[in-house]
Structure formats: C-alpha cells, structure tokens
Amino acid sequence: MGDKKDVWQGTLALMVLKTLQALGPLHGYGIARRIEQTSGDLLAVNYGTLYPALLKLEQEGYISSEWGTSDTNRKAKYYKLTRAGRKQLEKEAREWEQTTEILARFLAPGKESA
Amino acid sequence: MRSLRALLLRLGGVFRKTQYDADLSSELESHLRMHIEENLRAGMSLEEARRQALIKLGGVEQTKEMVRERRGLPILEIVLRDLRFGARMLAKSAGFTLIAVFTLALGIGATTAIFSVVYGVLLRPLPYPKPDQIFQLWEVNAKGNRVNFTEPNFSDMRSTSRSLEGLAECDAGPFTITGGSEPTRTLAAEVSRDFFKVMGVSPLFGRGFNAEDQREGAAPVLLVSHSYWQQYLGGSKDFSKLKLAADHKVFSVVGVMPQGFRLPDNADFWVPREIYPPNNESRTAHNWHVFGRVRDGVTLAQARAEFTTIAHRLKQQYGQDIDMTDAAAERLQDAMTGQVRSALVLLLGAVSFLLLVACANVANLLLAQAARRERELAIRAALGADRRRLVWQFLMEAALLCGMGGMIGVFAAHWGVDALVGLAPKELPRLDSVSLNLPVLLFALGLCILLAAGLGILTAVRATSGDVREALAEGVKQQAGGLREQRIGRTIVAGQLAITLVLLVGAGLLGRSLMRVLSVDPGFRTEHVVTMDLSFASLGDKDAEKTLQVKKLNDLFARLRAIPGVEAVGGANALPLASDFMANGTFLVLNPGQIPTRMEDFERLMHDPSITGYADYCVASEDYFRVLAIPLLRGRLFEDRDVMDAPHVAVINNALARTRWPNEDPLGKTIEFGNMDGDLRLLTIVGVVGDARNSSLETLPSPTVYVNYRQRPQSTDRFAVVIRTALPPSSVVSASREIVREIDPDVPARFGTFAQVFSSSLSARQFNLTLLVAFAATALLLAVAGIYGVMAYTVARRTREIGVRMALGAAASDVLRLILGQGLWTTVIGMAIGVAGSFALSRTMHSLLFEVSAADPITLVWSALLLATVSLLACWIPARRAMRVDPMVALRYE
C-alpha cells in the first residue's frame, strides 16, 4: 500500500512541476484539470490528493504560492516554480527518462540476444 | 537539506494551526467554486454541479485532514496534546502532584549528587593522555603485601622490561623553604627522568628537566605546582629570578606545572632524582613509589605478566638479599582510588535504594490516582480511544512528573555536591574533579527517563487492563473494585519496608562500628594536648650537627615548659594517628662485643631469626610519654644522664616485650637498630611502656622501639612537639611560635590539637555513616508515609464495607483487628524480605566494618524493631479511623 502511494506521490510531484513549467503560475484546480486532461483516465483520482503533494513541494522549496485573481475574477492561490524547482524538474525528468528507457529495453520482446 | 527544511516547516506547522487552517479552507473553497462554475458552463444544474465537484475533490474534510497530516508532525501533535492534557490533570490535583514531584526530586537529587562523587572520583578518566596506559607498580613481599620499590630493583625492572614506554620512581617528602619572611614547609617529590613522560604532562610555562639537570651534582633545579607558583611566587614568568633556598641548596625554578597536577602525594615541587647520589646497594630499603606507562599495543595484563617474570628472576638471582617475590601493577586510576572504592560503591547502592523507596511512594500515589480516574478512562475507552493512546497518556503524565522532579532534583544536587565535597574526608582522592558536569547531567536525564518509563508503564498497564463494561458499572460495586490495586499497593509497600530495613541495618552496622572504634582504648590520651609540627633542615651524620640539634631541642623543651599554663612538653619524630607514621625495620639482639665489623656479617646475622626482631622505630623524649599519658610499665624512661656519650638506651612497648621476649625479662637486653639511623651502637632496653595504637585506632599496636632524642637525633628533622596545657590552645600558640623563631628562624611550625588529629582520623568513617544514616532515615520516613497512605486509602475504599459489617454487628475491635491485621501482615512480609536482603547485602560492607559482624544480630533486631514499631504506628491512625466509622453515614456513602 505505502509503496504504491509513494510512487504515486513521486509521479504526481513530477507532473505538478512539469505543469507549472509548461503553463506558468497556476492554482490548484487548474493543475488538477491539466493533469487529468494530459493523463486521460489513467490517473482519474480525487483532486484532493493534489493538495498534500502541493504542500510537500512547497515545504521542500520547489514551488512557492501566493494569492491572486483568476481569469474569472475569483480569488485563488497560485503556485509557481522556484529556481530549485526548475532544477529538480530537470533532474527528475532525466531520471524518469532513464528509468523508462531501461525498463523499455528490458521489457521489449525478443531483443535480449541482440 | 530539502527534507530538513521540510521538517522545520512542519515543526512550525504544529504551532500555527489556525492560520494555516483558514488559508486551506479558502483555497479549497476557491477550488470548488471554480469547479462548480465550469460544471455549470457544461450545463449541469447547480445542485448537480456542486455534487460532482465535491465528489471529484474527494470531500472537503478528508482533503483537509490529508493536508493537515502533511503540514504538521502528527506524533508531535499527539505528544503535545497529551502533555497539555497531563499538565491539566496534574494541576487539577495539585496536592498529589506536589508530593509526587518532591518525592521524585528527593530521590533523583540525592542519587545525582552521590553519582557525581562516584563519577568524579572513580569513573572520570584521569586528565592525562591515554590514562589507561599509566600504572603504579609495587614489589610484593613473601607475605603477599605490596611494598614500595627499592632502587636497584627499580633499575633492573626499568632496564629489563620490554612492555614499557617509560618507568619512573619518585618519593615525596617535606621541603623547608627558607629565605622568605617566614620559613614554609612544602611537599617536594624527587622524580626520576621518565616521570613526566609517564604521566604525559609537560610544564605549562618554562621548561621541563633536561639531561643536563638530571645528573649527580648538577645545578639544582625544580618545577613548581601552579597553585604554589600563584600563591608564593606571584605568578611571575621571569624564571631567571625565581630561586628557592631549601635543603642546603639554592634551586632555580625552571617551570610551572599545569593547574591541578600534584602527583605524587599532592606535591608542590618536583626535583630531579638524579642530583642525589644513587642507592644501588640495598634491595631491602623500600623507599620508592614507581609509576609507569605501557607501550602502545601492550596491555597492562601483558605487562603484568612480564613484571612477574622479572621479579621471579631477580628473586632467584639475589635470594635472601631481596624481599621482592613478585610484582603488582594496577591502573593508576584504580591505585589512586582503591581505598575508597568500596565505601563509594556502598553509598551509591544505598542512595539507589533510597530512590527505589521514593519511587515506590510515587507509584502508589499514581495507582491511587489512576483508580480514581477509572470512570474517565472507561468512558474514553468506550468512545473509541485505543489502549495505546491511553497508555501513552499515562506515560506522558509520568514523564511530566519525572521531568519536574528531575529538574528540581538536579538543582538540589548542585548544592548537594558542594555540601558533599565540604563534608568529604581529606583522604578522598580527586575531590577537585567532582562536579555537576555533563556526564552527571546525562546520568540524571537517563534516570528521569527510566523512572518515567517505569512508573508510566506500571500505572498504564494497571489502569487500562480492566474490562470497560465492568469499570463503567463500578459505581454499583465500588467496594469490590478497589481490591486489586489495594493488593498491588500493599505489595509495593512491603518492598519499600524491605529496602528500608536493609538501609537501616547498613546504617546500624556502620554506627556500631564507629562506636566500637571510639570505645577502643588507644593507649594514649588526646585531651588538652597542643601539637606543633616542626621541620628542621635535614641532618648529616656529623657529631657537631647532632650535638647542635640536641641543644636546639633541649632549649625548645625548656623554654616551652616555662610558658605559663603549660604543664608538660615532650616530642617525637612521629605522632600517633598522623597519616605517615614512623619507620620500621629489622633489629638484631646482640651482646656487646658481638657487633660485626663487616657488612656481609650483618647480612648473615639478619637472616638468623633467633637474634632478629621487627619493630617500629621512634625517636622521643621522656615527656612525650607523660604528655600523652602512655604509662611506664617497668623500668625507667629516658633521663638527663642519657647523653650522647653515655651508653645508648631504648624503651620498648609492651607489644614488643610480649612478642619478642615472651618468657624473658627484656630489661637489660641489648639491641642493634642501625638500619634506622646508621648508628651501630647497641641500645640497652631500660623500660617497657604501654601500647599505643600509633598507625590507626583500628589496627592493633605494633611492636615499637623508642630511642632517646639526646642520643639519636639523626631523624628528628621532622619533629612533633606535644604540649599539655589546660588553657585554650590558642593561648600557647603565639608564645610557642616566637620561641621556635628564636631558636631556629628557618624552621616552620604548624600547630594543631591532638583532638583534631584524633577526630580527623575518624572522618572517613563519619562521612560514610552520616550519609548512610541520612539515607536510611529518609527511606524510613518515605516508607512510613507509604504504608500510611496505602492503609488510609484502603480504609477510605472500604468505608461502606466496614459500615455494613458494623451494621451487622461487628464490634469496633473486630474492625481494628481487620485493618491492623492487614498492615501487620504487610509489615511482616516486608521485614522477612528485608532480613534476607540484609544478610545478602551487608556482606559487601565487610571491609567497612570494625569488630562488628556483617550479620550482627543486635543491629538486625534493633533495626527490625524500629521499623516494625514505626510502621504499625502508621497503620494505627487509619485503623482507628476505620473503627470510628458510623454505619449510618457509611451506608449513605456514595
């Protein structure tokens, strides 16, 4: 249970960072919608799980938050990437690519002997 | 780094809850609003849009809870909440809290104070590099006793052993420093070349000894202690001007040792051994302390084995000319503290017993408190609090109590340590390293944690083990429910009584030992005697010097006697009970004309037991015996006619007469005791005096030969004058000091009274006794409070039952018997365990007892009687209250 959750948390964090890099400062609802749209139904979980992840990233100093006004003129809390967050995103993205590449090679059928 | 930052922020989150909560609420609100708007735009009804948004979010409260968990540190929050709750509970019953905290403070404070002494003296490493490599070495003689080294044996050991980094000999003796406004006497140590290398200590200022200083006839140099340097040399670093005249030489001060370095024997000066001629002949003149350091990689055990081998080889080589049969080496720290170890360990044991008794009281209080809260606990359990949380709650409360008790205790220990150091006997080594330092504080902290865990778990397990439903129904059958904790309470009290009895017996045994020591007849009297320690320049063998010394002493006696109020004046080169008593050795019983002329013949005679004897050797005046009231049993004392040129005479004590000449008359026998003072003339025994316990009150008088200062003044450079006067001591001191100054201005005089000498010889015993009695008395008080508390609690819980009994016809005496019987039973069980415990434990005190058996029945019976009486008195009060229960009131109770 715990392991699965950790993986989910780690992945979610990476997705949050990527979203903020792509779209610039954004509120929690926007981030949730964006992740849902990009990942399709694969990660159709509660939006609520996003908030502890945001808090964790903020505590670690990768993102910062401040209150602002949305396009629909609503007050909302906006998150944006910090410099440390940018670096972390690069690092994690690289690691993620490596992992997937290795796993892809590993799982690709019939190529072991090549 | 990142996770540390997060941890700190989370820690902050614990304390800024409300602000964060409000922030989170509005964030989620705005989230929902945006989602609802979007759903509305997608064509949902308001109701549906709202529902979908909430479902998608996963619930507002659930989300909040998830965030909160991440924001603060949940465990810390629980701890803080429990602490707050615990503090409220404790504050609500302030009386209970106060008693518990102070009981714990008493126990923890006393234990911490004693531990600080034990740590400082026994455990704290010596302040030298690699202190475990330093050891002290002794010769072991045929009787198995450790004795000082002889110089040739030391040299052989040093040159043969391969385990050594260095080996050094040293000998401390008084040095009279002249040339100042007033002559002063100071302890100087002659140390051989590797001494400072062995200790790993070098001078703080100036330089150490070099090879140039360490040869015979070199210009005399010395090192001074830091305290002497500050006190007498004004802390001057201009060493070229620092010269000290002593011992017919002028020494240049070349360096100052670091503060606190006073080895050996609290020396103030260190002088190279090598400037004096070596003594390579005698392997039976045991004059030297030997210290060494083992090489890196060699253990002391290995070194010890090697020393033994070398000692055996030397014994084989020199046969009868050597006393050494073996060698003994001990870590320096152990060697320094060996004599006090058993007493300190005893005190630590006693104080931990006191702590146990104190804890038992607190445990009982906590149990009673927990019983009172049974309903609260039951309700909390029924509402879903799991057992772990309840146990945790008790642990927190115990932690609070122990924390407060510990803080007060450590604070009290701070004063306690000062008091202990002040009270401690002078002989206690390393007192300067006793303080409330970090390791001691850690010990106190550990103690608090241990107590908190023990007390907390005990109460928690007890309080949460019951059945919830039963507890909720308790109100109905109040009287039965308390039975179990009453039984636990009585068990604890029995344990308390047992421990207290052990302490009482220990204190009793020490007390009886002291009484025995005090009732010993020392063989001399101590009242109205003023003592005056004098230190003359050391004498040579020349007749002129001897004559001069005799004249000085004669003058001194005559003029002191003329002081008004002085009744008699005598003197000797050593006083009874002063720590370093006289020399001793082997004498020969010879007839005139038998005195050999060659050294080898002496050696041969020395090995013939029929003409040898062993005795202490003391140079005295005839009035020495009169002042100290040592009785003349037969013959005569010294007289004026016994001058240097007259036949030399000796007085012996009864112990020597009895053991050396059991069936003969010792009067008129002639003995040769030249190895004491180099004078080979025969001594004719002219008198026998009573025995005096010279070395200590606790050892039997040893055989002693007294010689006359007029004939054998060689070893009177250290001389103690005893003055008998009915006047207050101060009235003769200044006159005496003036007389000494006129007779020899270079002689420092130190005054005291014989009563002081006498009482300081008992100070170690009194120190142990005082502390043990204090511990035992405190434990007794606590135990009495404990049994009173438990019995009073029992009576309170059983009031209804007693009422019923009385309503059914029980007489008051039946009730009294019921309650008192219970107290008696508890007492008897406690005492039985205590007696067994005393038998087991008092054995360990063996070395501290004097003429009292560790299983002394009188002590045991009296201690048990005292405890039983006090404990039954404590039961009597609640029992009487039970007897007076009014059935009508009792039945309406609750």
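Here are some short exercises with worked solutions on this predicted model.

**Exercise 1. Work out which strands of the chain A sheet stand at the edges.**

Start with the strand order. The open sheet of three strands runs β1-β3-β2 in chain A, with antiparallel pairing. Now look at the partners: β1 (26-27) and β2 (63-69) of chain A each have a single partner strand, so one side of each is left without a neighbour in the sheet. These two are therefore the edge strands.

Next, zoom in on one pairing. β2(A) and β3 (residues 75-81) of chain A are joined in the antiparallel sense over seven bridges. One residue to find on screen is Thr69(A), whose bridge partner in β3(A) is Lys75(A). As a reminder, strands of a sheet pair through backbone hydrogen bonds, either parallel or antiparallel.

**Exercise 2. Describe the side of chain B that touches chain A.**

Begin with the head count: chain B brings 22 residues to the contact and chain A brings 18. Then ask which elements of chain B take part. Helices α1 (2-15), α2 (17-41), α3 (46-57) and α4 (60-71) of chain B each supply at least two residues. Of the elements on this side, α2(B) gives the most, with seven residues. Finally, sort the chain B side by class: six residues are nonpolar, seven are polar and nine are charged.

**Exercise 3. Locate the domains of chain B and characterise the contact between domain 2 and domain 4.**

First, set out the division of chain B:

- domain 1 covers 2-72
- domain 2 covers 145-324
- domain 3 covers 339-518 + 763-892
- domain 4 covers 538-745

Second, take the distance: the C-alpha centres of domains 2 and 4 of chain B are 30 Å apart. Third, count the contact, to which domain 2 of chain B and domain 4 of chain B give four residues each. On the domain 2 side of chain B, one of these residues is nonpolar, one is polar and two are charged.

**Exercise 4. Check whether the length of α28(B) agrees or disagrees with its residue count.**

The helix α28 (residues 857-883) of chain B has 27 residues, and at 1.5 Å a residue it should span 39 Å. Its end C-alpha atoms are 37 Å apart, which agrees.

Now follow the axis. There is a kink of about 25 degrees at Trp876(B), shortly before the proline Pro878(B). Pro878(B) is itself one of the buried residues of α28(B), among them also Leu860(B), Leu867(B), Ala874(B) and Met883(B).

**Exercise 5. Find the unusual backbone geometry in the loop between β8 and β9 of chain B, then a similar case at His528(B).**

A rule of thumb helps here: most residues other than glycine have a negative phi, and most peptide bonds are trans. Step one is the peptide bond between Leu263(B) and Pro264(B), which is cis, with omega about -10 degrees. Pro264(B) sits in the loop between β8 (249-256) and β9 (269-272) of chain B.

Step two is Asp265(B), in the loop between β8 and β9 of chain B. Asp265(B) has a positive phi of about 60 degrees although it is not a glycine. It counts as partly exposed because it has 13 C-beta neighbours inside 10 Å.

Step three is His528(B), with a positive phi near 55 degrees. His528(B) lies in the loop between α17 (483-519) and β12 (529-535) of chain B, and its 17 C-beta neighbours inside 10 Å make it partly exposed.

Note on methods: Residues are numbered from 1 along each chain as its sequence is written. Chains are lettered from A and ligands numbered from 1 in the order in which they are written. This is a predicted model: local features need pLDDT of at least 70, side-chain atom pairs count only at pLDDT 80 or more; totals for chains, interfaces and linings use all residues. Domain bounds come from an automatic or database domain assignment. Two residues are in contact if their C-beta atoms, placed from the backbone, lie within 7 Å. Ala, Val, Leu, Ile, Met, Phe, Trp, Tyr, Cys and Pro count as nonpolar, Asp, Glu, Lys and Arg as charged, and the others, Gly among them, as polar. Two strands pair if DSSP finds at least two bridges between them. Helices (H or I, at least four residues) and strands (E, at least two) are DSSP runs, numbered from the N terminus. The expected span of a helix is 1.5 Å times one less than its number of residues. The bend at a residue is the angle between axes fitted to the seven residues ending there and the seven starting there. A residue is buried if 20 or more other C-beta atoms lie within 10 Å of its own, exposed if 12 or fewer, and partly exposed in between; C-beta atoms are placed from the backbone.
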